[in-house]
Number of protein chains: 2
Amino acid sequence: MVRAEIIAIGSELLLGGVADTDSLYLADELLKLGIEVRHKTVVGDDPKDIEGALRHAFERAALVVTTGGLGPTQDDMTRKVVARVTGRRLVLHDETLAAITQRLKARQRPMTAEQTTQALIPSRAHVIPNPVGTAPGFFLSYRTERKEDHALMCLPGPSSEIKRMVPEGIVALLEPLAGTGARGTLIRRRLRSFGLLEAEIDARLKDLYGAEQHAVIGLQAGDWGVDVSITVQGRKPESAEAIVRRVERAIRDHLGDHLYAAGSQTMEGVVAMKLKAKELSVSVAESCTGGLIAQRLTSIPGSSAYFNRGLVLYSDRAKVDLLNVPDSLLRAKGAVSNEVALAMADGVRERSGTDLGVAVTGIAGPSGGTKEKPVGLVYVAMADKRTAFSRSHLFSGDRERIRRRASQAALDLLRRYLSGKAIE
Amino acid sequence: MVRAEIIAIGSELLLGGVADTDSLYLADELLKLGIEVRHKTVVGDDPKDIEGALRHAFERAALVVTTGGLGPTQDDMTRKVVARVTGRRLVLHDETLAAITQRLKARQRPMTAEQTTQALIPSRAHVIPNPVGTAPGFFLSYRTERKEDHALMCLPGPSSEIKRMVPEGIVALLEPLAGTGARGTLIRRRLRSFGLLEAEIDARLKDLYGAEQHAVIGLQAGDWGVDVSITVQGRKPESAEAIVRRVERAIRDHLGDHLYAAGSQTMEGVVAMKLKAKELSVSVAESCTGGLIAQRLTSIPGSSAYFNRGLVLYSDRAKVDLLNVPDSLLRAKGAVSNEVALAMADGVRERSGTDLGVAVTGIAGPSGGTKEKPVGLVYVAMADKRTAFSRSHLFSGDRERIRRRASQAALDLLRRYLSGKAIE
């Protein structure tokens, strides 16, 4: 298996509060080609740090991919450092220069000296065209001082550009590399669960951990639940696939309908698919989640097929006016109660004329909790034309975490209903 | 200035689609102590890779901080590898064992051998208690084979645990280290802009780039706008502060009210602050943003002081029913139009009885665009008791990016109104 390292370049990724997410996408794409990312490094725009990171990477990886630092501004240092480390000159690439000039002309912007620097490419490098931005990427083969052959690919920073360049050029460049170096295979599969603690899943899966010699089971707890990963390494593709399938079957037996998705599927994606398949429409009434459920349900292209409306209600008056929640019920039980959640789900469904209604009411904190109704207490409910049901949860964590978990619990209730399973 | 490196440990951070965001928080906290994070490395749960990353880090950083891999499951390898690299034994820490036992008892869960491993700490290490989880962290001083003194801090992976442990123990441990090694200072300040392209900002700030010898200005474009960072390094604290203030003033002169926030402030945070200060309430009507504006406005603790309700309307009928948008207007102009945006803002304000109303209508794509109304066309509007105004935007990017930018544009309109500036 070819070992790769990704170096993300940009001071904002170190200290500016910007998370590096492109490398996750890149790692997935490389894995599809049989190239395994074993390290990621993040460095600032300091040329010495970039140089050190590049040299370190060449010590441990056959393929090094950098992102960022190719733009026209003065803190874009990548091409200079690469030229120094690999001992190449920077040469002006005519086609790239023409492309940049044309791009700027179309936007009625002047060509400047800074823009020109983006057409400088290390000698003997392949240019990787950038269909959605000015700075192209490049790819070169490099023999280190220790006479080891390495490949280096430099890509611009913006996600949208990387995502266009990968299918349109990068895959073709990397395929030969992946072919020659592959000495086995690595398959990873992720199953996503909601409703059980990490420790509970650990206990349920305990006897599976050692059962398959070549499979490793990993758990990762997050706001959306616990993901279970199966990794099989160093086997021929067919037998690795068979092992993954076997382990997946065993995990499904142990976790049942707590598993809501696989791979990069999301809860909202699964729910959307089921709603479309059954041609059912839904409306949502939210308090503590503040629009998060509506936002997730409408993040899917084509969501108007099943989503009708979402109401975010922060006042009792709005619950009475827009959902017909009885005033007396709000006074007797309080806005955060099982009864009000059910009335909200019923009300939003009826007023919207949709097949289904979903509702959430709870206390996201940090203030507003009492001894009887602490921060983290959340009621989720849903209604169809005949009946309504609800569940209560007590989530821990900060405001954002509680809101995320509450939205996940509501969507999970909907998922279970749409799966045709009995809901207690 | 003490140089630090953060090593984030966990296969899910390499290939599982999980972005490492804790290191951003840690880097900010370390910088406050005068410790600069120069590198971040991400490695999987492979003991050899962790060992290699640790040894590399000791070559280039005086302080190494690891996150993750301290839990009770079999893929938690950090403490074993640390013991090997630093040549220490793992010893059972009685107080930690007692704390874990008590924690599990409170949750009515059995103590297992796996749970016990979390009380194993390298000899001569300081234990850093974990008030919100089972696995504590630890801190040790380490002299490398090259006789260089280094500090190593190992923390658990979950964000919520790190965020509690930093103020409650980590700061005290690191302060002496920061004091002895400081040979200068580094100050970074971030100003956040919306409404100008990166290239436009670059052109406006061009003459500032070389004006201050010790200041570096960086630009970072993202979905929420373009962030401008000022970095001053290697000066005494007072003069560095003075330089940052000078450069900030110059940038503010050049970018004016396109700057909406500084540091880690968000647009919704700024808007919330202004709404609270002026004691104004707001309601929101959204189509293409699908609840994102409501979600952002309610992400701030105490948002019920200014937020009344949010309506996510995916059908024309809902716009007529809930916002009094005239049916004839929808037919004449179409749902995505300036006129409908204004009517929605007016309608939601009136029906909610709030001081202000905000509305968005647009085409987030990928489908639904026409030649006259392409994907990315968005109208944002707002209304007060006397008047209403709107703006049109044409955003590029995918569905998520368009939704984010549309929500940012709507909140920016609100911000400008609340700043008392004239809105064209």
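Me: A polar contact is a pair of N or O atoms within 3.5 Å, where within protein one must be able to donate a hydrogen and the other to accept it, and residues adjacent in sequence count only if both atoms are side-chain atoms. With that in mind, what does the side chain of His150(A) reach, and at what distance?

Reply: The side chain of His150(A) reaches the backbone oxygen of Ala61(A) at 2.7 Å, and this is called a polar contact because 2.7 Å is within 3.5 Å. Before going on, note that this is a predicted model, in which local features need pLDDT of at least 70 and side-chain atom pairs pLDDT 80 or more, while totals for chains, interfaces and linings use all residues. Residues are numbered from 1 along each chain as its sequence is written, chains are lettered from A and ligands numbered from 1 in written order, and side-chain values use heavy atoms, without hydrogens and water.

Me: Why is His150(A) called buried?

Reply: His150(A) has 8% relative accessibility, and buried means under 20% relative accessible area (exposed is over 50%, partly exposed in between; 1.4 Å probe, protein chains only), so His150(A) counts as buried. His150(A) is placed in strand β8 (residues 149-155) of chain A (strands are DSSP runs of E, at least two residues; helices are runs of H or I, at least four; both numbered from the N terminus). Leaving aside residues up to four places away in sequence, the residues that His150(A) touches (heavy atoms within 4.5 Å) include Phe58(A), Ala61(A), Leu140(A) and Tyr142(A).

Me: What makes the pair Glu51(A) and Arg55(A) a salt bridge?

Reply: Between the side chains of Glu51(A) and Arg55(A) the distance from N to O is 3.0 Å, and a salt bridge asks for a side-chain nitrogen of Lys or Arg within 4 Å of a carboxyl oxygen of Asp or Glu, so the pair qualifies. Both residues belong to helix α3 (residues 47-60) of chain A, where they are four residues apart, about one turn of the helix. In general, an α-helix has 3.6 residues a turn, so residues three or four places apart point the same way. Glu51(A), at 18% relative accessibility, is buried, whereas Arg55(A), at 34%, is partly exposed.

Me: How do you know that Arg386(A) and Asp384(A) also form a salt bridge, and which of the two is buried and which exposed?

Reply: Their side chains meet with N and O at 4.0 Å, a value that the salt bridge definition accepts, because it asks for within 4 Å. Arg386(A) is exposed at 75% relative accessibility, while Asp384(A), with a relative accessible area of 7%, is buried.

Me: What does the salt bridge of Glu51(B) tie together?

Reply: The partner of Glu51(B) is Arg84(B), with the closest N and O atoms 3.1 Å apart. Glu51(B) lies in helix α3 (residues 47-60) and Arg84(B) in helix α4 (residues 78-86), both of chain B, so the pair ties together parts that are 33 residues apart in sequence. Glu51(B) is buried, its relative accessible area being 17%, and Arg84(B) is partly exposed at 48%.

Me: How many salt bridges are there in the whole structure?

Reply: A search over all chains finds 52 salt bridges. Arg3(A), Glu36(A), Arg38(A), Asp46(B) and Asp49(B) are linked in a network of such bridges.

Me: How do you know that helix α15 of chain A has the span expected of it?

Reply: The expected span is 1.5 Å times one less than the number of residues, so for the 20 residues of α15(A) (residues 399-418) it should be 28 Å, and the end C-alpha atoms are 29 Å apart, which agrees. Of these 20 residues, 16 are buried, so α15(A) is largely enclosed by the rest of the structure. Just after this helix, Gly420(A) takes a positive phi of about 75°.

Me: What makes β15(A) and β16(A) paired strands?

Reply: Strands pair if DSSP finds at least two bridges between them, and strand β15 (residues 356-362) and strand β16 (residues 377-383) of chain A have six, in the antiparallel sense. In this pair, Val360(A) stands opposite Val380(A).

Me: Which parts of chain B does strand β7(B) pair with?

Reply: β7(B) pairs antiparallel with strand β6 (residues 126-128) over three bridges, where Val127(B) is the bridge partner of Phe138(B). Six bridges join β7(B) to the antiparallel strand β8 (residues 149-155) of chain B, and Arg143(B) stands opposite Asp149(B) there. β7(B) and β8(B) form a hairpin with five residues between them, and Lys147(B) in the turn has a positive phi of about 65°. Strand β7 (residues 137-143) of chain B is mostly covered, as five of its seven residues are buried.
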